[in-house]
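Let's take a walk through this model together, one piece at a time. Keep the viewer open and follow along.

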Amino acid sequence: MDFATVLQLAGSSLRLATPLLLACLAGLYSERAGIFDIGLEGKMLAAAFAAAAFAAITGSVWIGLLAGIAASSALSLIHGVASITLKGNQLISGVAINFLAAGLTALVGQNWFGLGGQTPQLGPGQRFLAIEWPLADALLPVPVIGPIYRHLISGHNILVYLALLAVPATWWILYRTRFGLRLRAVGENPAAVDTAGISVVRLRYAAVMIAGLLCGIAGAYLSTGMAAGFVREMTAGKGFIALAALIFAKWRPWPALGACLLFGALEAIGIRYQAITIPGLGVVPVQFMQALPYILTVVILAGFVGKAVPPRAGGRPYVKER
Amino acid sequence: MTAPLPRWADLVLIPALNLLLAFLVAGLVVVFIGEDPVEAVRLLLVGSLGSSYGIGFTLYYATTFVFTGLSVAIAYHAGLFNIGSEGQAALGGIGVTLVCLAVPWPYWWLALPFAILGAGAFGAAWAFLPGYLQAKRGSHVVITTIMFNFIASALVVYLLVNVLKAPGMAPETRNFPEGTFLPFMHEILAVFGIRMSRTPMNFTALLALAAAFLTWVLIWRTRLGYEMRAFGHSEPAAVYAGIDPVRITIVAMLISGAMAGMMALNVVMGFQHRLVLDYVGGAGFVGIAVSLMGRSHPFGVVLAAILFGILYQGGAELAFDMPSISRDMIVVIQALVILFTGALENLVRAPVERAFLRRRRKAA
Amino acid sequence: MAAGGGDAPPAIELAGISKSFGPVQANRDIDLAVRRGTIHGIVGENGAGKSTLMSILYGFYQADAGEIRIDGRPTPIPDSQAAIRAGIGMVHQHFMLVEPFTVLENVILGAEEGPLLRPSLAKARAELKRLEEEYELDVDPDAVVGELSVGLQQRVEILKALYRECDILILDEPTGVLTPAEADHLFRILRSLKAQGKTIVLITHKLREIMAITDAVSVMRRGEMVRTLATADTSPAELAELMVGRRVLLRVEKTPATPGRVVLAVENLSLTDDKGVARLKGVSFALRAGEILGVAGVAGNGQSELLDVLAGIRPATGGTVRLDGQPLDLGHSTNGDERRAARVAHVPEDRRRRGLVMPFAEWENACLGYQGEERFEGPAFTLDRTAMRDAARASIERFDIRPPSCDLVTASFSGGNQQKIVLAREMERDPEVLLVGQPTRGVDIGAIEFIHNEILALRDRGKAILLVSVELDEIQALSDRIIVMFDGRISGERIAGETDERELGLLMTGIEPGTRAA
C-alpha cells in the first residue's frame with residue numbers, strides 16, 4: 001500500500017466516521033443523563049430524509065439542515081415524553097422510534113416524490129460541498145506534509161469539521177461547566193440532583209434534545225454531505241455502530257472520537273477492498289469487516305478487555321421513592 | 001404503591017385503549033398523505049379477511065409472528081428484553097436448510113422433527129452467547145442482541161454468497177427436495193373436502209398453535225416457568241429461593257431463541273422451499289410489537305399475531321389499491337403499536353388508575 | 001443573637017399538614033412548632049409518617065393541605081429549591097450523593113456560582129476549610145465520595161447543607177448506620193451547630209438519642225402528631241407509650257433454655273466483597289439445639305453477610321461451617337436449595353426484595369424456595385397447583401394471615417402479614433436451624449408478639465435459632481445467648497440474663513468492657 005492510498009483511506013475514514021461521531025456524541029449526552037438511546041438510528045434516518053427533502057424543495061442546504069434537525073428533535077421529544085414524563089421503558093421507546101422513522105421516511109418519501117422512497121438527486125447548491133483550504137494546491141509538492149494537508153486536512157465539508165470540533169466542546173461542557181456537572185450527576189443519582197434543588201426533568205429533556213440536535217446534523221450529513229439525496233434505509237445500521245462506539249468509548253468524549261475513527265476506518269477498508277488477504281491467515285471476507293464493529297463491542301461489553309460500565313441510573317425512569 | 005387495577009382492566013381495557021390510540025395516530029398519517037382512512041381500513045379488511053385467499057395469507061404471516069412474538073414473550077417473563085429474535089430467526093433458517101439439504105428426505109413428516117430440531121437448535125445457539133454474557137458478565141442483553149442481529153445478518157450473507165449458494169446469480173440455496181415440502185393448508189383442507197385458495201399457509205400454522213399452548217404450560221404451569229417468573233420479577237428473591245440466575249437466564253434465552261428460529265419452518269420449509277437472502281424481513285422485530293400487544297401472554301400473542309397478519313396481508317392489498325399508502329405503512333403502524341402499548345403505556349394507565357381509585361373512594 | 005427568644009416566632013411552624021399516597025394517608029392534619037436554636041426530636045415507629053412530614057418540609061413531596069411557616073412567614077415549598085432558599089437543609093436516610101464525584105463536586109452540585117465550574121470549586125474549597133475548623137467536619141475535599149466510609153459520607157451531606165447556608169437542618173435517622181463513636185462525633189457536631197444558632201430537627205426511633213441530645217420532642221403515631229413535650233419533662237417510658245399507643249410489654253414470657261448438641265459450628269468464617277472490603281473477618285461460634293443465639297450490632301457490621309453465607313446465597317472466601325458435623329458448601333451463591341434440603345430455614349432481612357416476589361399471588365409465595373418439593377410435583381414437569389394452594393391455605397389459617405385469601409397479590413398484604421407469610425413458610429417445615437433476620441422490622445405491635453412467640457415455640461421444640469436484629473430490645477427479649485458483631489468480627493459474647501444495654505453498647509463499638517473499664 002503506497003502513501004497516496006493510505007491518505008485516501010484516511011480521508012475516507014474521516015468522512016465515514018463523521019456521522020458515527022455526531023450520533024455517538026448524541027448518545028453520550030443522552031446516556032450520561034441517564035436516558036438510554038437506542039433510537040439514534042431512527043433519528044438519523046428521519047433527519048437524513050427531512051434534510052434531503054427540504055434541500056430539494058427549497059434549494060437551500062441550510063434549510064435542509066434545519067429541517068433535519070427539526071425531524072430528529074421531534075423524535076427526541078417523543079423519546080423524552082415516553083421515558084421522562086411518562087416514565088416508560090426507554091429501550092422500547094427507542095425501538096419504536098427506529099421503526100417509526102423507517103416507516104415514515106419511506107411512506108412520506110414515496111408520497112412526496114414518487115421515486116420509490118428516494119428524494120430527487122441534489123444539485124451543488126443543495127449539498128454541503130468540500131471546502132478547499134487556502135494554499136492546498138500550492139503546498140501539495142511539499143513532501144509528506146503537502147499531501148496530508150491537501151488530502152486529509154483540507155477538502156471536507158463543513159459538517160466534518162463541526163463533528164471534530166464537537167469532541168473538545170463536549171469534553172469541555174461535560175467536565176468544565178455547571179451544566180455538565182449536573183448532567184453527569186443526573187445519570188448517576190437523580191435523587192441527589194433533585195434534592196439539590198435542580199429539576200431532573202428539565203436536565204434530562206435538555207440532554208435528550210441535544211441528542212436530537214446532533215443526530216439531526218448526522219442525518220443531514222448523510223443525505224446532503226456524503227450522498228446527494230436520500231435513499232431508503234440509508235443509515236444502514238450506522239446508528240447502532242454509533243451506539244457500539246459509545247460503549248466502546250465507555251461514554252467518554254475523546255475515546256468516542258477514537259472509536260468512531262476506528263469504525264470509520266473499518267468501513268473504509270471494507271468499501272475499498274472486497275476481500276483482504278492476510279498473509280498466513282487467508283482471506284478475510286468483507287462480511288467479517290462489516291460485522292467487526294459489532295463483534296468488538298460484544299467483546300468490550302463482555303468485559304474481557306476493560307469492562308464498560310454504563311451510567312448507574314441509566315435506563316431507569318426517575319420516580320421519587322416512598 | 002398504586003392500587004392494582006381489576007384484572008379485566010389490566011388485561012383488556014388498557015391494551016384496547018392503547019391500541020385505539022395507535023390506530024388513531026395511524027389514521028392521521030393516512031389523512032396526512034391525502035387518503036381516506038375509513039376507505040383504507042375497508043380495503044385493508046377486505047384484502048386480509050374478505051376471501052379465503054386473503055385469510056390464507058393473513059394466517060401465513062400470523063404463523064410467523066406467533067413464533068417471534070412467543071420468543072420475545074418468553075424472555076420477557078424472565079426479565080429479559082430479547083431484541084435478537086431477528087438474528088435468531090435468521091440462524092434458524094440456516095438450521096432448517098442444513099437439515100432439508102443434508103438428507104434426501106422421502107416424507108415431510110419424517111423430515112419435520114429434524115427440521116424443528118435444526119431450527120430450534122440454531123436459533124437457540126444464536127441466543128446462547130447474549131444469554132451467557134448477560135448471566136455471567138452482566139453485559140446488557142438488549143445491546144448484545146442488537147449487535148448479534150447485525151453479526152447474524154453478515155454471517156448469513158457470507159454463507160449464502162460463499163458456502164450455500166446454488167449456481168446462478170441470486171444468493172440463495174438450491175431448492176429443497178420435494179420430500180421436505182410441508183403440506184399447504186389448502187391441501188390439508190382438501191382432504192376434508194373444504195375448498196380454499198392456494199396460499200402459502202401451511203402445516204406450520206398448527207405447530208404455531210401448539211407452540212403457543214406449550215408456552216402457556218411452560219410459563220404458568222411448570223416449575224421452570226415459575227422460576228423464570230420469580231427471577232423476572234425479583235432477582236434477589238430468586239437467588240433466595242435457590243434459583244440459579246445464570247441457569248435461568250441462559251435457559252430462558254435458549255428457549256426464546258429456539259422459538260424465534262422455528263419461524264423458519266413456516267417461511268423456508270413451508271413456503272419458499274429454499275433459503276433466500278433476508279428471508280426474515282423484520283419478522284423478529286414484529287415479534288416485539290406482538291409480544292407487547294399480547295402482554296406477553298401466549299393467548300394475547302396469538303391474537304396480536306393475527307392482527308399483524310391482517311396488517312401485513314391487508315397492507316399489501318391496500319398498497320395495490322391505494323399506491324400512495326405503500327407497505328411501509330405497516331412499519332409505521334408497528335412502530336405506533338410498540339410506542340403506545342410499550343413506551344407510552346402510562347399515557348393511558350395513569351388516568352385509568354386514577355379513575356378507578358376515584359370510583360372506589362366513592363363506593364367506600 | 002440569643003437562641004430562641006421567648007416571643008420570637010418559631011423557626012418552623014407546620015399547620016394542618018395532610019398528605020396521602022393513593023389510598024394510604026401518610027400524614028393527617030399535623031401541627032408542629034420548632035423553636036429557633038433548638039434541637040427538636042421527632043419520634044415514632046416505622047411508618048408513623050415522620051420521614052414523609054420532613055420530606056414535605058424539604059419540598060420533596062407536596063402536602064395535600066396545610067401551611068408551612070418559616071420564621072413566622074407563610075412559605076410555600078413546592079420543591080427542594082424553595083426549601084433551600086428558605087434556609088432548610090436535609091440529610092436523608094439514604095444519602096443523596098453522586099458516588100463517582102469528589103466531595104467538592106458533591107458539595108457544589110446545585111449551588112454553583114455561575115455557568116463555569118472553576119470559580120465554584122475554588123470557593124467551595126475555601127469554605128470547606130472554614131467549616132472544617134468550625135465544626136470538626138474534616139473530610140478530604142478531593143476524595144471520591146463512593147470510596148468514603150458511611151460516617152464520612154454523612155459529613156459530606158452535612159457540609160452540603162451548611163455550604164448552602166442553611167439555618168434549619170433536618171436529619172432523618174442519622175445514626176442508623178453509624179458506630180456509637182461516629183454517632184457521638186455527630187452529636188458533638190449537632191451541639192456546636194446549635195450553639196451557632198442553627199435549628200435542628202432530628203428524626204429517629206431511638207429514644208436514647210432523643211433523651212441525650214434534644215431540647216423538645218414530638219411524638220408521631222400512624223400519620224398523626226400525638227404530642228410535643230420538653231425533653232426534660234419526659235421519660236423514655238412515656239415516649240414509648242405515646243409512640244405505640246398503649247403500654248408496651250417488650251418482656252416476652254420465656255422459660256429457661258435447655259441447650260442440647262451443637263447443630264451449627266461456624267469456624268473462622270471470612271468474606272471479602274468484590275470491592276476488596278473484608279466484611280467477615282474470622283467469625284467463629286457454635287449454635288446449639290434448643291437455644292436462640294442473638295446477633296447484635298449496628299447495621300452493616302457483617303451480620304447480613306453472615307446470614308447470607310449461612311443461608312447459602314452468598315459465597316464465603318474462607319472458613320468452615322458444619323451442620324451436625326457435616327461441612328456445608330460455602331463456595332456458591334446458589335446453595336439455597338441445598339440448605340433447605342439440610343433443613344436450614346431462612347427468614348431474610350429484607351422480605352420485600354428477597355423473601356417474597358411481590359407481584360406473585362400469596363399461594364405462589366407460600367412455597368417460594370420449596371417449589372421443588374415432591375408434594376408439589378404434578379405430571380410432566382408441572383407444579384401441582386391444588387397442593388400448593390392447599391398448603392398456602394393451611395398456613396394462612398395457622399398463622400392468622402389476613403386477609404385470608406391465597407389468591408391475592410402479595411403486594412396487597414400489610415407488612416406484618418407479609419412477614420407472617422415468610423415465617424409460616426420457613427417455620428412450618430419444622431427446620432433444624434432457623435436463620436432469621438430483622439423478624440419484626442416494619443411490623444405492627446400485635447404481629448410482633450405473635451412472631452416472637454412463634455420463634456420461642458420453635459426453640460422449645462428443640463430447634464436452633466440464629467436471630468439477627470439491629471433492635472437491641474428484641475435481641476435482649478428473645479435471646480438465650482448474645483454475640484455482638486463489630487467490623488466483621490465477634491466483639492463479645494454474653495449470656496442474655498447476665499448483661500445489660502450499656503455493656504452490649506460498648507461491645508457494639510468494638511470495645512471489650514472488661515479491658516477498658518477501670
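Which residue just after helix 17 of chain C takes a positive phi? That would be G510(C), with a phi of about 90 degrees. Bear in mind as you look that this is a predicted model. The helix just before this glycine, residues 501-508 of chain C, has buried positions too: L504(C), L506(C), L507(C) and M508(C) are buried there.

While we're in chain C, have a look at its sheet. Four strands make up an open, antiparallel arrangement, and their order is 12-11-14-15. At the edges sit strand 12 (278-288) and strand 15 (326-327) of chain C, each of them paired on one side only. Strand 11, residues 262-272 of chain C, is joined to strand 14, residues 318-323 of chain C, by five bridges in the antiparallel sense. If you'd like one pair to click on, try L264(C), whose bridge partner in strand 14 of chain C is L323(C). Then find helix 9 of chain C, residues 303-310, which lies across strand 11, strand 12 and strand 14 of that chain. Against strand 12 of chain C, helix 9 of chain C runs at about 60 degrees.

Chain B is another story: it has 16 helices and zero strands. Its radius of gyration is 21 Å, close to the 21 Å that the globule rule gives for 364 residues, so chain B is as compact as a globular protein of that length. The C-alpha trace of chain B spans about 75 × 55 × 40 Å along its principal axes. Of the 364 residues in chain B, 57% are buried. As for how the chain meets itself, take the contacts in chain B with a separation of 6 or more: 77% of them are between residues 24 or more positions apart.

For a concrete case of packing inside chain B, pick out helix 1 (residues 7-32) and helix 15 (residues 328-343) of chain B. Their axes are 9 Å apart, and the two pack at an angle of about 140 degrees. The crossing of helix 1 and helix 15 of chain B is right-handed. On the helix 1 side of chain B, the contact residues include L19(B), A22(B), V25(B) and V29(B), while helix 15 of chain B brings, among others, V332(B), L336(B) and F340(B). By class, this contact between helix 1 and helix 15 of chain B has twelve nonpolar residues, two polar and no charged. A general point about helices may help when you look at it: an α-helix has 3.6 residues a turn, so residues three or four places apart point the same way.

Now zoom out to the places where chains meet. Between chain A and chain B, the contact takes 36 residues from each of them. On the chain A side, helix 4 (90-113), helix 10 (238-248) and helix 12 (286-302) each supply at least two residues. The largest share, 15 residues, comes from helix 4 of chain A. The chain A side that touches chain B divides into 24 nonpolar, eleven polar and one charged.

Chain B also touches chain C, with 21 residues of chain B in contact with 26 residues of chain C. Helix 9 (223-233) and helix 10 (235-240) of chain B are the elements that give two or more residues to the chain B side. Helix 9 of chain B has the largest share of that side, with six residues. By class, the side of chain B that touches chain C has twelve nonpolar, five polar and four charged residues.

Terms used. Residues are numbered from 1 along each chain as its sequence is written. Chains are lettered from A and ligands numbered from 1 in the order in which they are written. This is a predicted model: local features need pLDDT of at least 70, side-chain atom pairs count only at pLDDT 80 or more; totals for chains, interfaces and linings use all residues. Two strands pair if DSSP finds at least two bridges between them. Two residues are in contact if their C-beta atoms, placed from the backbone, lie within 7 Å. Axes are lines fitted to C-alpha atoms, for helices over the stretch in contact, and angles run from 0 to 180 degrees between N-to-C directions. Ala, Val, Leu, Ile, Met, Phe, Trp, Tyr, Cys and Pro count as nonpolar, Asp, Glu, Lys and Arg as charged, and the others, Gly among them, as polar. A crossing is left-handed if the near helix is turned anticlockwise from the far one by less than a right angle, and right-handed if clockwise. A residue is buried if 20 or more other C-beta atoms lie within 10 Å of its own, exposed if 12 or fewer, and partly exposed in between; C-beta atoms are placed from the backbone. The radius of gyration is taken over C-alpha atoms; the globule rule is 2.2 Å times the number of residues to the power 0.38.
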